[in-house]
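Work through the exercises below with the sequence and the coordinates side by side. Each task is followed by a solution that proceeds step by step.

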Amino acid sequence: MRFAFCLMTRPTWAEIHLDRLACNLQSVKNYVGDKYLKFMAVVKANAYGHCAVECARKLETDGGVDWFGVALPEEGIELREAKIQKPILCLGSFWEGQEQQILQFNLTPTIFRLEIAEALDFAARERGIIADVHIKIDTGMNRVGVRFDEIKEFAEGLRRFKNLKVDGLMTHFAAADGNEQFTNLQIEKFNEAVEIFHEKGFRPTFLDLANSHGTIGFPQGRGNMVRLGGIIYGLWWDSEKIKAGNAPQAPKVLPVMTLHTKIAFLKNVPKGESLGYSRSFTLEKDSLIATIPIGYEDGYSRGLSNRGRVLVNGIYAPVVGRVSMDWTIIDVSEVPEIKIGDEVVLIGEQGGLRISAEEVAQHLETISLEVTCGINRRVKRVFKDQQKNA
Ligand SMILES: *Cc1c(COP(=O)(O)O)cnc(C)c1O
């Protein structure tokens with residue numbers, strides 16, 4: 001007898017469709033149609049919950065990626081320890097004391113503080129090397145980055161660090177999925193900043209501005225590299241523009257993560273009884289109620305209580321009562337021929353019907369990225385690759 005899982009694990013899992021990941025990137029590349037443009041795959045936060053190592057491996061072997069982007073040096077180190085070779089940009093810079101690791105693991109940091117530049121310059125001099133850095137310029141996000149009006153002083157200040165090479169300039173769009181005017185202003189400011197760096201004698205190789213929505217919506221804002229996150233995971237449909245009904249024409253992408261479990265328990269519950277914590281749901285008729293082994297600890301948010309829906313045997317079944325830490329209750333009265341062990345799809349497709357991460361996000365008043373990022377490590381990832389199996 002063969003088991004789909006290691007023996008005796010809870011049947012709650014996320015499938016990661018690596019073939020779709022590679023196709024999505026290719027689809028964006030075809031759409032952009034610029035063979036000189038470089039493509040960074042952003043795999044921070046464990047690749048938005050999809051597993052950074054497996055995703056990076058797939059994209060490096062047959063995805064045609066040029067760079068990887070992570071938030072923290074720790075995430076970059078995880079990739080290097082898994083033998084990922086492509087350049088890795090630490091989008092969130094690094095913290096004092098991490099400069100040795102930056103150099104040891106050949107990571108490229110973004111820099112927006114001179115003290116941090118100085119620490120890296122010192123460490124690079126000790127090793128007798130020149131370290132590449134990318135400068136993060138704040139053109140309107142007002143989060144991190146050298147303020148646009150302080151660029152001159154910053155560039156001047158960088159000139160004394162002889163063991164650093166400014167090899168990239170970048171900025172980040174605040175509203176690429178919404179406000180066109182503001183994004184165009186950011187592009188203008190960035191171009192001015194590039195000129196200032198040129199005047200100060202810097203010749204950076206990489207100029208990058210655009211995230212997923214910037215890449216699709218603003219061809220004039222692509223610089224010579226784009227940084228793609230959401231879109232390569234197929235998470236695309238909850239932008240402001242799309243909701244407002246004026247989406248830019250977009251490349252075809254498919255969701256990379258699907259979320260599954262199985263029916264753990266079934267019971268008939270009579271009309272008038274309540275379900276779950278706080279008794280937030282009372283049955284209006286005699287019902288068939290199922291319990292599934294997934295809860296808010298797994299990242300199936302408590303906010304889906306009495307709101308979410310799942311797919312069982314090809315039809316939608318509503319979440320009833322509060323989602324608890326390890327269990328969720330669903331009403332399967334309408335589901336034909338249901339039994340313990342039947343598969344339940346929480347995100348994905350079944351019988352031609354679909355529940356997207358964007359739909360789940362809408363119930364939670366958030367975006368799909370938070371939904372996939374939130375799927376906890378307790379949920380086993382099962383990697384699928386039809387290109388490999390074929
Ligand atoms: C996360 C991130 C991205 C990717 O953004 P998406 O909207 O997911 O494409 C790009 N650039 C920076 C600096 C980021 O932090």
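The exercises that follow treat a sheet, a ligand site and two loop residues.

The model is predicted, so that local features need pLDDT of at least 70 and side-chain atom pairs count only at pLDDT 80 or more, while totals for chains, interfaces and linings use all residues. Residues are numbered from 1 along each chain as its sequence is written, and side-chain values use heavy atoms, with hydrogens and water left out.

**Exercise 1.** Determine the strand order of the open sheet that contains S15, and name its edge strands.

Solution. Begin with the elements, where strands are DSSP runs of E with at least two residues and helices are runs of H or I with at least four, numbered from the N terminus. Two strands pair if DSSP finds at least two bridges between them. On this basis 3 strands form an open sheet in the order S12-S15-S18, with antiparallel pairing. Strand S12 (265-269) and strand S18 (328-331) are the edges, each pairing on one side only. Next, examine one pairing: S15 (residues 287-292) and S18 are joined over 4 bridges in the antiparallel sense, and Ile-292 has Thr-328 as its bridge partner in S18.

**Exercise 2.** Identify side chains that make polar contacts with the ligand, a polar contact being a pair of N or O atoms within 3.5 Å.

Solution. First list the surroundings, counting residues with a heavy atom within 4 Å of the ligand; among them are Val-42, Lys-44, Tyr-48, His-172 and Arg-227. Then inspect the distances: the side chain of Tyr-48 places an N or O atom 2.6 Å from an oxygen atom of the ligand. For His-172, an N or O atom of the side chain is 3.5 Å from a ligand nitrogen atom, and for Arg-227 a polar side-chain atom lies 2.8 Å from a nitrogen atom of the ligand. Finally, consider the area (Shrake-Rupley method, 1.4 Å probe): the ligand taken alone exposes 390 Å², of which the protein buries 90%.

**Exercise 3.** Is Gly-295 buried or exposed, and which residues does Gly-295 contact?

Solution. Locate Gly-295 in the loop between S15 and strand S16 (309-312). Gly-295 is buried because its relative accessible area is 0%, the class running under 20%, with exposed over 50% and partly exposed in between (1.4 Å probe, protein chains only). Contact means heavy atoms within 4.5 Å; leaving aside neighbours within four places in sequence, Gly-295 touches residues including Tyr-300, Ser-324 and Trp-327. Gly-295 and Ser-324, 29 residues apart in sequence, have C-alpha atoms 5.3 Å apart.

**Exercise 4.** Why does Trp-237 count as partly exposed?

Solution. Trp-237 lies in the loop between strand S10 (225-228) and helix H10 (240-243), and Trp-237 counts as partly exposed because its relative accessibility is 39%.

Note on methods: A polar contact is a pair of N or O atoms within 3.5 Å; within protein, one must be able to donate a hydrogen and the other to accept it, and residues adjacent in sequence count only if both atoms are side-chain atoms.
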